Amino acid sequence: HKGSGKAIIADTENGPILKLEQFKVTSGPDLFVYLSKNRNIKETEDLGEFVSLGELKSTAGDQTYTLPENYKDYHSVVIWCRAFGVLFSVAELQ
C-alpha cells in the first residue's frame, strides 16, 4: 500500500485541523485517519497508542480533519484499514 502528499497542522477559528494536501493513497476497505503517539511507523505492529480522526473522506484530493485538544501528544498521521488491521500509509508530524 502506498500514499503520498502532505500532512499539515493548521490553526483555525474553530481550533486546530489536520490538512491532507495533494493526497493520494491506495484504495481499500474501511480506511480511517489515525493519529499515533509513535514515530517511525513502518509496519502494523508499530501503530501503538492512537486516536481516530474519522473515516477517510477520499483516497485522493485535499481534505481536512478536526484535531483533538491534545494533538501535540501525537507524532504520526496514519491511514489505517480498520477491517483488516492493516497499515496503508504514514506521515510523521514535525
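1. The sheet. In this predicted model, 3 strands form an open sheet, in the order 1-2-5. The pairing is antiparallel. Strand 1 and strand 5 (63–66) are the edge strands, and each pairs on one side only. Neighbouring strands of this sheet are turned by 25° against each other on average, direction ignored. As a general point, strands of a sheet pair through backbone hydrogen bonds, either parallel or antiparallel.

2. Strands 1 and 2. Strand 1 covers residues 3–12 and strand 2 covers residues 15–25. They run antiparallel and are joined by 9 bridges. Together they form a hairpin, with 2 residues between the strands. One register marker is Ala7, which stands opposite Leu20 in strand 2.

3. Strands 2 and 5. Here 4 bridges make the join, and the two strands again run antiparallel. Ile17 stands opposite Thr66 in strand 5. That pair is a handy place to check the register on this side of strand 2.

4. Ala7. This residue lies in strand 1. Is Ala7 buried, exposed or partly exposed? Ala7 counts as partly exposed because its relative accessibility is 27%, and the partly exposed class lies between the 20% and 50% limits. Not counting residues up to four places away in sequence, Ala7 touches Leu18, Lys19 and Leu20, along with Val77, Ala91 and Leu93. Ala7 and Asp62 are 55 residues apart in sequence, yet their C-alpha atoms are 9.9 Å apart in space.

5. The main core. The largest nonpolar core has 18 residues. Those with the most contacts inside it are Leu18, Val33, Leu35, Leu53, Leu56, Tyr65 and Ile79. Which elements give two or more residues to this core? They are strand 2, strand 3 (31–36) and strand 6. Strand 2 supplies the largest share, 4 residues. In soluble globular proteins, nonpolar side chains tend to be buried together.

6. Leu53. Leaving aside neighbours within four places in sequence, Leu53 is in contact with Leu18, Val33, Leu35 and Tyr65. Its contacts also include Thr66, Leu67 and Pro68. Leu18, Val33, Leu35 and Tyr65 are themselves listed among the residues with the most contacts inside the largest core.

7. The second core. A separate core has 7 residues. Among them are Phe32, Tyr34, Ile41 and Val78.

8. Positive phi values. Two residues other than glycine deserve a look. Gln22 lies in strand 2, and its phi is near 50°. Gln22 is classed as exposed because its relative accessible area is 60%, and the limit for that class is over 50%. Asp30 has phi near 55°. Asp30 sits in the loop between strand 2 and strand 3. With a relative accessible area of 26%, Asp30 is partly exposed.

9. Gly85. Where is Gly85 placed? Gly85 is in the loop between strand 6 (76–81) and strand 7 (86–92). Gly85 is partly exposed, at 25% relative accessible area. Neighbours within four places in sequence aside, Gly85 is in contact with Thr44 and Trp80. Gly85 and Ile9 are 76 residues apart along the chain, and their C-alpha atoms are separated by 26 Å.

Terms used
Residues numbered from 1 in each chain as written. Predicted model: local features only at pLDDT ≥ 70, side-chain atom pairs only at ≥ 80, totals over all residues. Heavy atoms only, no water. Pairing = 2+ DSSP bridges. Axes fitted to C-alpha atoms, helices over the stretch in contact; angles between N-to-C directions. Buried < 20%, exposed > 50% of the residue type's maximum accessible area, 1.4 Å probe, protein only. Contact = heavy atoms within 4.5 Å. Core = buried A, V, L, I, M, F, W, Y, C linked by side-chain atoms within 4.5 Å.
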